[in-house]
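Me: I've got a model here and I'd like to go through the labels people attach to it. Could you walk me through the reasoning behind a few of them?

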Amino acid sequence: MQMDFGLKQELQQKLVMTPQLCQAIAILQLSSMELAEMVEKELLDNPVLELSEPAEAKPVEAEAQGETPAVTSEEVDRYLDWAEYFDGPNYKEYTPAEKVEQNTFEALVSNSITLQEHLEFQLHMAVLSNRPRLAGEYLVGCIDANGYLRVTMEEAADALGESVEMVTTVLELIQTFDPPGVGARNLRECLLIQAKLQGITDPIVFAVIENYLDDIAAGKLKNIAEKLDCTPRAVQLAMDVIRTFDPKPGCSFGGGQSLYVTPDITVEKVNGNYVVIINDNDTPNLTINPYYRHVVREADTEAKKYVEGRIQAAVWLIKSIEQRRRTLYNVMEAIVLMQRDFFDNGPNYLSPLTMKKVADQVGIHESTVSRATANKYVQTPHGLFSLRTFFTAAVQNADGPDVAAGRIKRELKEMIMKEDPSQPYSDQALTDIFADRGVTVSRRTVAKYREELGIASSSKRKRY
């Protein structure tokens with residue numbers, strides 16, 4: 001076999017992920033609120049970007065000051081290679097739809113106090129001497145966001161230089177504070193504190209909390225009843241009482257304002273037709289400062305290279321935001337077309353739909369549809385829904401077209417809500433009911449949907 005060296009030319013096609021393309025993909029996946037935060041950051045990082053002002057305000061201000069531009073934009077456009085984009089038909093200054101001022105009551109809500117502040121206020125209201133109060137402040141600082149104490153009495157006593165008995169006494173005082181159950185060292189103690197504060201006297205409740213929490217979670221009511229020498233119904237009633245307790249009493253407190261979902265798209269019905277509106281009210285209007293076009297012409301080589309790079313980054317950002325807007329509009333328009341029954345009649349009429357069908361309708365790749373629908377919500381005449389809600393698997397229907405999996409879940413939940421608690425439906429019984437309705441669903445699929453809905457098995461749902 002002969003071996004030698006040589007040079008040859010070869011033509012290949014390959015996909016290259018440029019930084020600009022990565023940025024465009026990332027922008028497509030952002031929700032409207034995340035996009036607004038990203039644009040604010042870019043405004044700080046890129047000096048050539050600025051917020052566009054109302055067009056009618058600029059010439060009036062310029063005339064009042066007697067100013068004229070030193071260099072026309074046409075002269076600079078002819079000098080720079082990227083100027084063709086600004087003059088070409090594809091360029092559009094990114095201008096969101098008309099912004100509507102919406103004054104909501106949520107904006108007036110002040111930040112709630114933290115759990116520590118709430119406990120310290122109650123501690124100072126209690127008449128305590130200096131040393132117990134300092135011990136109480138230390139213990140309050142060791143309580144986590146769920147309301148549990150994360151330090152032992154020995155560790156607290158060593159840190160404070162006090163006796164374990166004194167620290168324990170202060171902790172018992174804190175455990176009487178609001179919210180009930182705060183300051184507990186474990187779940188059992190938390191539930192016991194709440195039972196005592198509510199004045200419960202049923203011994204079965206205390207016995208279950210102290211010894212049989214794991215059996216309660218597993219639904220072993222008969223085993224507990226045998227050990228406590230009582231009926232399963234008595235254990236079940238005790239379990240109902242325990243379920244009224246809060247296992248995380250501190251979660252109701254926080255230092256931040258409540259968060260609300262802002263829809264990225266709104267679909268409204270106008271004259272019998274559905275109109276898609278992209279919500280970009282929170283995204284600032286972006287434009288490029290014309291001053292830097294003049295700077296490029298008179299700057300040295302290094303400064304010119306930097307400014308041109310910043311301008312190209314700004315142009316790509318504006319293009320990517322506009323491309324995101326067009327993609328969202330096209331995808332939502334295709335969804336409205338394919339899910340017309342949903343928008344006309346409600347969620348029960350959701351049809352099976354895959355991302356590939358929408359991608360073929362719009363003329364884009366399936367992965368682009370997946371990115372465009374990620375972490376986004378749409379406001380419809382029937383409420384607020386995630387875009388992923390419209391993509392559901394199909395379940396065979398013997399009497400007509402296939403049924404969406406979401407509809408099966410809703411019907412499953414309705415069946416279980418209407419069942420006899422003393423004789424709940426098993427997964428096989430639910431499968432048989434669907435079969436009677438002409439819908440072919442396996443028992444394993446019913447169990448899967450039931451678990452996704454957070455519904456327990458028939459043995460745990462049974463009421464004695």
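Reply: Sure. A helix here is a DSSP run of H or I at least four residues long, and helices are numbered from the N terminus. With that numbering, Asp-229 sits in the loop between helix 13 (221–228) and helix 14 (232–243). Keep in mind that this is a predicted model.

Me: Why does Asp-229 count as exposed?

Reply: The cut-off for exposed is over 50% relative accessible area. Asp-229 comes out at 71%, so it counts as exposed. Its backbone deserves a look too: phi is positive, about 60°, although Asp-229 is not a glycine.

Me: And what makes Asn-271 buried or exposed?

Reply: Again the bar is over 50%, and Asn-271 has 77% relative accessibility, so it is exposed. Asn-271 is in the loop between strand 2 and strand 3. It isn't a glycine either, yet phi is positive at about 55°.

Me: How much of the chain is buried?

Reply: Buried means under 20% relative accessible area, and 37% of the 464 residues in the chain are buried. Overall, the chain has 23 helices and eight strands.

Me: At what angle do helix 1 and helix 16 pack?

Reply: Helix 1 (residues 19–29) and helix 16 (residues 301–338) pack at about 40°, and their axes are 9 Å apart.

Me: What makes helix 1 oblique to helix 16?

Reply: Roughly parallel needs an angle under 35 degrees, and roughly perpendicular runs from 65 to 115. The angle of about 40° fits neither class, so helix 1 is oblique to helix 16. Their crossing is right-handed. Helix 1 brings Gln-20, Leu-21, Gln-23, Ala-24, Ile-27 and Leu-28 to the contact, while helix 16 brings Trp-316, Leu-317, Ser-320, Ile-321, Arg-324 and Thr-327. By class, that is seven nonpolar, four polar and one charged residues.

Me: How do helix 20 and helix 21 pack?

Reply: Helix 20 (residues 405–418) and helix 21 (residues 427–436) are at an angle of about 120°, with their axes 11 Å apart.

Me: Why is helix 20 called oblique to helix 21?

Reply: The perpendicular class stops at 115 degrees, and roughly antiparallel starts over 145. About 120° falls in between, so helix 20 is oblique to helix 21. This crossing is right-handed. Ile-408, Glu-411, Leu-412, Met-415 and Ile-416 of helix 20 meet Leu-430, Ile-433 and Phe-434 of helix 21. Those residues divide into seven nonpolar, no polar and one charged.

Me: On to the sheet: in which order do the four strands of the open sheet come?

Reply: The order is 3-2-5-6, with mixed pairing. The edges are strand 3 (273–278) and strand 6 (383–386), each pairing on one side only. Neighbouring strands are turned by 25° against each other on average, ignoring direction.

Me: How do you know that strand 5 and strand 6 count as paired?

Reply: At least two DSSP bridges are needed between two strands. Strand 5 (residues 377–380) and strand 6 have four, in the antiparallel sense, so they pass. For instance, Val-378 has Phe-385 in strand 6 as its bridge partner.

Me: Which strands does helix 16 lie across?

Reply: Helix 16 lies across strand 2 (265–270), strand 3 and strand 5, and runs at about 155° to strand 3.

Me: One last thing: where is the cis peptide bond that joins Asp-178 and Pro-179?

Reply: Pro-179 is in the loop between helix 9 (164–174) and helix 10 (187–197). The omega of that cis bond is about 5°.

How values were computed
Residues are numbered from 1 along each chain as its sequence is written. This is a predicted model: local features need pLDDT of at least 70, side-chain atom pairs count only at pLDDT 80 or more; totals for chains, interfaces and linings use all residues. Side-chain values use heavy atoms; hydrogens and water are left out. Axes are lines fitted to C-alpha atoms, for helices over the stretch in contact, and angles run from 0 to 180 degrees between N-to-C directions. Helices (H or I, at least four residues) and strands (E, at least two) are DSSP runs, numbered from the N terminus. A crossing is left-handed if the near helix is turned anticlockwise from the far one by less than a right angle, and right-handed if clockwise. Contact means heavy atoms within 4.5 Å. Ala, Val, Leu, Ile, Met, Phe, Trp, Tyr, Cys and Pro count as nonpolar, Asp, Glu, Lys and Arg as charged, and the others, Gly among them, as polar. Buried means under 20% relative accessible area, exposed over 50%, partly exposed in between (1.4 Å probe, protein chains only).
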